[in-house]
Amino acid sequence: MKILTFDIEEWFHIIHKYPEDILDKWDNYEVRIHKGMDKILQVLSENDVKATFFVVGYIARKHPEIIKRIHDLGFEIAAHSDMHKAAYKQSRKEFKLDLSDCISSIENITGEKVISYRAPAFSIKKENVWAFEVLNELGIEYDASIFSAKRDDGGFDDFELSTPLIIKYNGISIKEFPMSIDTFMGRKFVASGGGYFRFFPYWFIRKLLKDADYTMTYFHPRDFDPSQPILDGLSLKRKFKSYYNLGTSYVKLRQLVYDFDFIDMREAAEIVNWNNVPIIDLNNHSNDK
Ligand SMILES: [Zn+2]
């Protein structure tokens with residue numbers, strides 16, 4: 001199963017910690033999201049393929065026409081936080097308020113209940129697993145926030161499983177579509193999105209995906225906008241990870257969507273036999289497994 005997903009955010013949403021006055025700054029930045037959106041929708045229409053769009057609430061309010069367009073084309077719309085802050089940097093109360101703002105901003109446009117979620121930067125970790133209870137309280141049934149490998153920000157590196165599973169915690173359960181993890185020469189990484197997707201040559205990514213039973217992807221409109229401005233204040237490493245090889249990613253995406261049969265999360269949720277997936281009880285999840 002290969003799942004195609006896009007996180008709908010701007011070129012300046014590459015970080016996940018923001019000062020209080022960030023909205024003024026965001027509103028003065030150049031709007032570039034349409035450049036990447038047009039390319040994404042073009043690839044999907046050329047190949048007649050469905051995808052799930054995880055939308056930032058700020059984008060839904062600023063550009064409701066984008067959300068309307070995605071929805072009118074029949075694509076699944078899911079939540080990706082309201083202000084793109086890392087989940088683990090928020091209190092439970094802040095997290096719940098932020099996510100419910102995101103959900104209502106989307107639902108006001110589509111008129112449809114949001115039931116799927118991905119945290120910015122995969123920021124549900126061991127220290128904030130209470131986030132799953134909040135997801136449950138807000139009617140989220142499917143989550144795609146688990147990234148079971150080391151990351152600079154976010155990541156749940158001892159989670160170990162990276163296929164669909166059920167998470168249980170304090171009496172609630174959530175159906176999880178974790179990021180798929182690739183392994184090469186003993187190293188764990190994700191090639192189906194982010195920096196490694198741009199870094200590796202296409203033939204290598206294709207081989208990894210061909211060999212995998214389950215692949216979850218994640219792309220952004222900015223991944224297909226090679227002339228975007230460079231955000232101020234990033235470390236050299238972060239700059240490399242965010243902008244290296246940007247010019248190649250659209251060609252790779254087109255080839256990828258052409259070469260493989262992708263589905264969206266909604267269809268994946270129907271295909272998975274949920275009676276037959278691993279159950280992870282986070283109340284008993286040990287750190288030294
Ligand atoms: Zn994001």
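**Exercises: cavity and pockets**

Glu-9, Glu-10, Trp-11, Arg-32, Ile-33, Pro-221, Arg-222 and Asp-225 line the largest cavity (on a 1 Å grid over protein atoms alone, points where a 1.4 Å probe fits but can't get out; lining means an atom within 4 Å of a point). Heads-up: this is a predicted model, and totals for linings use all residues. Residues are numbered from 1 along each chain.

**Exercise 1.** Work out how the lining of the largest cavity divides by class.

*Solution.*
- Start with the list: Trp-11, Ile-33 and Pro-221 are among the lining residues, alongside Glu-9 and Arg-32.
- Sort them, and you get three nonpolar, no polar and five charged (Asp, Glu, Lys and Arg are charged; Ala, Val, Leu, Ile, Met, Phe, Trp, Tyr, Cys and Pro nonpolar; the rest polar).
- Add the size: the volume is about 30 Å³.

**Exercise 2.** Find the volume of the largest pocket and the residues closest to its centre.

*Solution.*
- The volume is about 1,000 Å³ (a pocket is an open set with protein on both sides within 12 Å along at least five of seven lines).
- Of the 44 lining residues, Arg-151, Gly-195, Tyr-196, Tyr-218 and Lys-241 sit closest to the centre.
- By class, this lining splits into 18 nonpolar, ten polar and 16 charged residues.

**Exercise 3.** Describe the lining of the second largest pocket.

*Solution.*
- The pocket's volume is about 240 Å³.
- Its walls come from His-16, Lys-17, Tyr-18, Glu-20, Met-83, Lys-85, Lys-89, Gln-90, Glu-94, Leu-97, Asp-98 and Asp-101.
- Sorting that lining gives three nonpolar, two polar and seven charged residues.

Terms used
This is a predicted model: local features need pLDDT of at least 70, side-chain atom pairs count only at pLDDT 80 or more; totals for chains, interfaces and linings use all residues. Side-chain values use heavy atoms; hydrogens and water are left out. Grid points are joined across faces, edges and corners, and a volume is the space filled by probe spheres set on the points.
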